[in-house]
Amino acid sequence: MKIMTCPVNGPRNISEFQWLGPVQAEDEARDETLVERLFLAPNPMGVLREWWRHTPSNTVFIAERNLISDEILRTWLKGSGADKPTSAA
């Protein structure tokens, strides 16, 4: 069983979470580039920051995940800052 740590609710089964996509810079989040971002998105290998949602509590947070090993490195709420994650996976 794979476990992900919700910053609010603690460690939970991965089936309780919904992947919401990669975290993007503010300048990338424009309507003009929506189609390109959705259908022509790069597939980088390595560490990626992603939006996730804990569905029972509706908590949306950021997770840093290694795409090669599929290991969840850390999770945190947006306002807390990436340099101070609230938990490790």
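So, Leu 38: you'll find this residue in helix H1, which runs over residues 34–39. Keep in mind that this is a predicted model. Is Leu 38 buried or exposed? Its relative accessibility is 57%, so Leu 38 counts as exposed, since the cut-off for that is over 50%. And Leu 38 has company out there: together with Leu 34, Val 35, Phe 39 and Leu 40 it forms a nonpolar patch on the surface. Taken together, those residues have about 580 Å² of accessible area.

Okay, let's go inside. The largest nonpolar core has 7 residues: Met 4, Cys 6, Phe 17, Trp 52, Phe 61, Ala 63 and Ile 72. Strand E1, residues 3–6, gives at least two residues to this core, and so does strand E5, residues 59–66.

Now pick out Phe 17. With 9% relative accessibility, Phe 17 counts as buried. Which residues does Phe 17 touch, if we skip those up to four places away in sequence? Among them are Met 4, Cys 6, Trp 52 and Phe 61, and also Arg 12, Arg 53, His 54 and Thr 55.

One of those contacts deserves another look. How many aromatic pairs does a search of the whole structure find? Just 1. The ring centres of Phe 17 and Phe 61 are 5.9 Å apart and the planes sit at 85 degrees, so we call the pair edge-to-face. This pair links distant parts of the chain, with Phe 17 in strand E3 (residues 17–22) and Phe 61 in strand E5, 44 residues apart. As for Phe 61, its relative accessible area is 0%, so Phe 61 is buried too.

Terms used: Residues numbered from 1 in each chain as written. Predicted model: local features only at pLDDT ≥ 70, side-chain atom pairs only at ≥ 80, totals over all residues. Heavy atoms only, no water. Patch = residues over 30% accessible without salt bridge, like charges linked within 9 Å, V, L, I, M, F, W, Y side chains within 5 Å. Areas by Shrake-Rupley, 256 points an atom, 1.4 Å probe, with all protein chains shown as cover. Salt bridge = Lys/Arg side-chain N within 4 Å of Asp/Glu carboxyl O. Helix = DSSP H or I, 4+ residues; strand = E, 2+ residues; numbered from the N terminus. Buried < 20%, exposed > 50% of the residue type's maximum accessible area, 1.4 Å probe, protein only. Core = buried A, V, L, I, M, F, W, Y, C linked by side-chain atoms within 4.5 Å. Contact = heavy atoms within 4.5 Å. Phe/Tyr/Trp six-rings, centres within 6.5 Å; stacked < 30°, edge-to-face > 60°.
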